[in-house]
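Got the viewer open? Let's take a walk through this one, a stop at a time.

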Amino acid sequence: LQVYDSLLESLFVDGSIEEAIDVFEEIKSKNLAPQQSTFMAMINGFGKNDLPQLASKVFEEMREAGQV
């Protein structure tokens, strides 16, 4: 999952929000359990792109997955 984390971070830096969301959904669709670092890449990316509502949604998903 480290490769996915790096990809997510790069997509957010580039401003490719929809692509980052697609990658996150791909991770889950492959039955890979997102790790804390994966959730944090999403939360930080949304935060840096001024999308706090989406960051909160991912945080809740992180909590439900027992990663908090």
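Select Ser56 to start: its relative accessible area is 48%, so it counts as partly exposed (buried is under 20%, exposed over 50%, partly exposed in between, using a 1.4 Å probe and protein chains only). Ser56 sits in helix 4, residues 52-64. Helices here are DSSP runs of H or I with at least four residues, strands are runs of E with at least two, and both are numbered from the N terminus. Now add Ile43, 13 residues away along the chain: the C-alpha atoms of Ser56 and Ile43 are 7.5 Å apart.

Before moving on, a word about what you're looking at: this is a predicted model, where local features need pLDDT of at least 70 and side-chain atom pairs count only at pLDDT 80 or more, while totals for chains, interfaces and linings use all residues. Residues are numbered from 1 along each chain as its sequence is written, and side-chain values use heavy atoms, with hydrogens and water left out.

Stay in helix 4 and click on Arg63. Is Arg63 buried or exposed? In between: Arg63 has 46% relative accessibility and therefore counts as partly exposed. Show Phe39 as well, 24 residues from Arg63 along the chain; their C-alpha atoms are 9.9 Å apart.

Next, jump to Ser16, in the loop between helix 1 (2-14) and helix 2 (17-29). Ser16 counts as buried because its relative accessibility is 13%. Which side chain does the side chain of Ser16 make a polar contact with? Turn on Asp14: the two side chains meet at 2.8 Å. A polar contact is a pair of N or O atoms within 3.5 Å; within protein, one must be able to donate a hydrogen and the other to accept it, and residues adjacent in sequence count only if both atoms are side-chain atoms.

Now zoom out to the whole protein chain. You'll find four helices and zero strands, in the order α-α-α-α along the sequence. The C-alpha atoms fill a box of roughly 25 × 20 × 15 Å along the principal axes. Of the 68 residues, 32% count as buried.

Finally, colour by charge. The protein chain carries 5 positive and 12 negative side chains, and the centres of the two sets are 5 Å apart. Lys and Arg count as positive, Asp and Glu as negative, with His and the chain ends not counted; each charge is placed at NZ of Lys, CZ of Arg, CG of Asp or CD of Glu.
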